[in-house]
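Biologist: Hello! Could you walk me through this structure, one question at a time?

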Amino acid sequence: MAEPLTLYKLMILSMLEQSSAPLTNTVLSDFFLGKEYTSYFTLQEALHELDEAQFIQQESSHNDVQYYITPAGRESLQFFENKINSEIQADIKQYITDNQIPIVSSASSLADYYLTPEKKYAVHCQLREKGIPQLDLTLNVMNKAQAEVICANWESQADDIYMLLIDHLLQ
């Protein structure tokens, strides 16, 4: 069996490989902490080391981080996947299967905000399908509270907003 930190890294790579969408820090934490594999801090250390080694790529927003497996990560996983025992592999597969809809949903609607040079807030909203942006929208708002509300509402309303825009633009 592999060293614990090495095993956690392989498990992360396996989860990213099996998922049809990037995984958020929240999803990975839910799996590792829910199954009591390791602590939050050890998970973050494993993610950091994978990122440093360029086995994963991360994309940050104000409320979460999404992780993608890189070609180097896939290659490494192919070499060492046999270090993950069958019970853990079954846990990973079951978790991905059980949570695929929320995983894909969280990866398809992204929103983040930032302070502009004019001291206003810009909210960047994106709707993706299979990782390809379908809608990329930046809104300037007056304050942080408005930016946070838009980010919070984007996930549940992105599809409706996209369809509304398409309907209006095609008239």
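**Helices and rings**

Modeller: Gladly; let us start just past helix 2, where Glu36 follows with a positive phi near 60°. This is a predicted model, in which local features need pLDDT of at least 70 and side-chain atom pairs pLDDT 80 or more, while totals for chains, interfaces and linings use all residues. Residues are numbered from 1 along each chain as its sequence is written, and side-chain values use heavy atoms, leaving out hydrogens and water.

Biologist: How do the axes of helix 1 and helix 2 cross: parallel, antiparallel, perpendicular or oblique?

Modeller: Helices here are DSSP runs (H or I, at least four residues), numbered from the N terminus. The axes of helix 1 (residues 4–18) and helix 2 (residues 25–34) come within 12 Å and cross at roughly 130°. Axes are lines fitted to C-alpha atoms over the stretch in contact, with angles from 0 to 180 degrees between N-to-C directions. Under 35 degrees counts as roughly parallel, over 145 as roughly antiparallel, 65 to 115 as roughly perpendicular and the rest as oblique, so helix 1 is oblique to helix 2.

Biologist: Which residues of helix 2 make the contact with helix 1?

Modeller: Contact means heavy atoms within 4.5 Å. Helix 1 brings Tyr8, Met11, Ile12 and Met15 to it, and helix 2 answers with Leu28, Phe31 and Phe32.

Biologist: How many nonpolar residues does that contact of helix 1 with helix 2 have?

Modeller: Ala, Val, Leu, Ile, Met, Phe, Trp, Tyr, Cys and Pro count as nonpolar, Asp, Glu, Lys and Arg as charged, and the others, Gly among them, as polar. The contact has no polar and no charged residues, and its nonpolar count is 7.

Biologist: Which residues do ring pairs link into a cluster?

Modeller: Rings of Phe, Tyr and Trp (its six-membered ring) pair if their centres lie within 6.5 Å, with planes under 30 degrees apart counted as stacked, over 60 as edge-to-face and the rest as tilted. By this rule there are 8 aromatic pairs. Ring pairs join these residues into a cluster: Tyr8, Phe31, Phe32, Tyr37 and Tyr95.

Biologist: Is the pair of Tyr113 and Tyr121 stacked or edge-to-face?

Modeller: Both residues are buried (under 20% relative accessible area, against over 50% for exposed and partly exposed in between, with a 1.4 Å probe and protein chains only): Tyr113 has 15% and Tyr121 has 18%. Their ring centres are 6.0 Å apart and the planes lie at 65°, so the pair is edge-to-face.

How values were computed
Helix = DSSP H or I, 4+ residues; strand = E, 2+ residues; numbered from the N terminus.
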